[in-house]
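Student: I am new to this structure and would like a close look at a single part of it. Please start with one helix and what it packs against, then work outward to the rest.

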Amino acid sequence: MPSPGAARSFWLQEALAEDPGEPAPPLEQHLVADVCIVGGGFAGLWTAIQLTEREPGIRIALIEQDIAGGGASGRNGGFLSASWFDIDAVVGLFGDEEGVRYGWAQAAAIDAIGSFAAANDIDCWFHKDGTMGVRSGDWQEGFGDDLDGFRRLGIADRVELLSAEQTRARADSPRFLGGSFFADGAVCQPARLARGLRRVALERGVHLFERTRMTGLERSRPAVVRTEHGAIKADRVVLTTGAWAADLAPFRRSFGVVADYVVATEPIPHLLKEIGWTSQVGIADGREWLYYLRPTDDGRIVIGGGAGAAVYGGRGNGRAATSTRHFAEAPARGLLWMFPQLAGVRFTHAWGGPIDQTPTFLPFYRTLDPGNVHAGLGYSGHGLIQTYIGGHILASTAVGITDEWTTLAVNRPEIAKAPPEPLRYPLIRAAAFALEHGDARQDAGRSRGTLYDVVGDAPIRYRERLVRRGAPPQ
């Protein structure tokens, strides 16, 4: 599969203009390394950095088929969240103690990322002003409004329920009927963070080869990673290729590939002030295919969600994954629906690309035979936090350490498999269509419709069944 994404995101364009970084040429030789990492997004970069801390002097080669941060790491919404609103599902899968422990690990990761960025001079527009989940229609469910459940788990202080007035005091949308505020939330400029991690990795001696695609993997001892013009013989291999792992036989049923789309407005600092959105709080609404939106340091609003596309198999560079002509209309339309005060604002950037969505909405970790190839995949949703944790898990796994990271309940193979192709594509496509059009009907004041309700909710109902069953013991 060729390079990820046809169009660069606003984030990546801005970050590269600020600092294009030291060149990292393609691999055109045969190398020997202690660890070879395949994939130069957040998961691969955090793994490399954590390896240098666990074993100073370790020989690391990292290959990336595009440029570091060129995939999902450079085009997401830039949200960092502890995902407390999803704690019911997490404890359903892992049990109360381990589920809450994972929640606290995610909360701690927010501060750790901010501290790491500050200590390493990574100006990634990091702001810990919290995250707000809102109801923008009376048909929408709230975020984390089950206070009894939060109290039972001992985390009631992690959420604050908001009235309509309190919600609109943070961002004055006439659609907001109420919400929940989570202090364990932040936003950043994700491409600046990815490019900053790239710089740190290079400074620590990581050998980075960009525009270098893995063409083959010999699972042996040592393993051999083959590329178009070279090869790397390594004692251990770490796979962090995101949605592109769908091309690899061991992961063809590990997740579905879904394309998500994002737009950015022109700079509108005066309008942000007029609507009272003067903090850097990130917002998500309660529709089935939710909108997520946040301001930027240069006075824009970036919004994604509201629609998406199914991707067949592992065709992450295909038209469905990268075309923004139709699907980018949904977040743009959503922003103006949510904030009619912004009528007339221009949208200057639109982008999209594939994400690896597991049935549980959580990442997974699997070691392939003969025991020296380790994979961490499925980071969609809240990948900024999960990849930080994943980098710790994969680094410790690669060097054979058992610690507070490898003992997290999320460190396990897939809890459930996705349907195989050619069945998966039409199922995801039908669910995506039903979610988008069902939301649109309710936005217009109509009933959702039984067919849209049944078809669109199928992935959620499947996840709920997995939650009721719980994760199998390791």
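Tutor: In this predicted model, the buried residues of helix α10 pack against five strands and one helix: β12 (256-265), β13 (282-285), β14 (291-295), β15 (301-310), β16 (347-357) and α12 (424-443). Helix α10 itself covers residues 329-338 and is mostly covered, with seven of its 10 residues buried. Those seven are A330, P331, A332, G334, L335, W337 and M338. Here buried means a relative accessible area under 20%. An α-helix has 3.6 residues a turn, so residues three or four places apart point the same way.

One of the packing partners of α10, strand β16, leads to the next stop. In the loop between β16 and β17 lies T360. T360 is buried, with a relative accessible area of 6%. Apart from neighbours within four places in sequence, T360 is in contact with L93, I415, R463 and L466. F361 also lies in the loop between β16 and β17. The phi of F361 is near 65 degrees, a positive value in a residue other than glycine. With 29% relative accessible area, F361 is partly exposed.

T360 also brings us to the cavities. The structure holds four cavities of 30 Å³ or more. The largest cavity contains about 80 Å³ of space. Of the 14 residues that line this largest cavity, T360, P363, F364, E414 and I415 are the closest to its centre. The lining is made up of nine nonpolar, three polar and two charged residues. I415 therefore appears twice, once among the contacts of T360 and once among the lining residues closest to the centre of the largest cavity.

Strand β17 (364-368) is followed by another loop to look at. P370 is placed in the loop between β17 and β18 (373-377). The peptide bond from D369 to P370 is cis, and its omega is near 10 degrees. A cis peptide bond also joins R221 and P222, with omega about -5 degrees. P222 sits in the loop between β9 (214-218) and β10 (223-227). On the other side of β9, the loop between β8 (207-209) and β9 holds R211. R211 is not a glycine, yet its phi is positive, about 50 degrees. At 52% relative accessibility, R211 counts as exposed, whereas F361 is partly exposed.

Now the nonpolar interior. The largest nonpolar core has 71 residues, and L51, F94, L193, L197 and I389 touch the most other members. Two or more residues each are given to this core by β1 (30-38), α2 (42-54), β2 (60-63), α3 (87-94), α4 (96-119), α7 (190-203), α11 (383-398) and α14 (458-469). Helix α4 gives the largest share, nine residues. What does I389 touch, leaving aside its neighbours within four places in sequence? I389 is in contact with Y102, A105, Q106, A109, W405 and L408. A second, separate core has 30 residues, among them A33, A223, V225 and A259.

The cysteines come next. A disulfide is a covalent bond between the sulfur atoms of two cysteines. The cut-off used here is a pair of cysteine sulfur atoms within 2.5 Å, and by this rule the count comes to zero disulfides. C124 is in no disulfide; the nearest cysteine sulfur belongs to C188 and is 5.1 Å away. Seen from C188, the closest cysteine sulfur is the one in C124, and 5.1 Å is too far for a bond. C124 is buried, with a relative accessible area of 2%. C188 is buried as well, at 1%.

One more loop completes the tour. S163 is placed in the loop between β5 (160-162) and α6 (164-170). S163 is partly exposed, with a relative accessible area of 33%. In sequence S163 and G178 are 15 residues apart, while their C-alpha atoms are 4.6 Å apart in space.

To return to the start, helix α10 has seven of its 10 residues buried, and β16 is among the elements that those residues pack against. The loop between β16 and β17 holds T360, one of the residues closest to the centre of the largest cavity.

Methods:
Residues are numbered from 1 along each chain as its sequence is written. This is a predicted model: local features need pLDDT of at least 70, side-chain atom pairs count only at pLDDT 80 or more; totals for chains, interfaces and linings use all residues. Side-chain values use heavy atoms; hydrogens and water are left out. A nonpolar core is a set of buried Ala, Val, Leu, Ile, Met, Phe, Trp, Tyr and Cys residues joined through side-chain atoms within 4.5 Å. Buried means under 20% relative accessible area, exposed over 50%, partly exposed in between (1.4 Å probe, protein chains only). Helices (H or I, at least four residues) and strands (E, at least two) are DSSP runs, numbered from the N terminus. Contact means heavy atoms within 4.5 Å. On a 1 Å grid over the protein atoms alone, a cavity is a set of points where a 1.4 Å probe fits but cannot get out, and a pocket is an open set with protein on both sides within 12 Å along at least five of seven lines; lining residues have an atom within 4 Å of a point. Grid points are joined across faces, edges and corners, and a volume is the space filled by probe spheres set on the points. Ala, Val, Leu, Ile, Met, Phe, Trp, Tyr, Cys and Pro count as nonpolar, Asp, Glu, Lys and Arg as charged, and the others, Gly among them, as polar.
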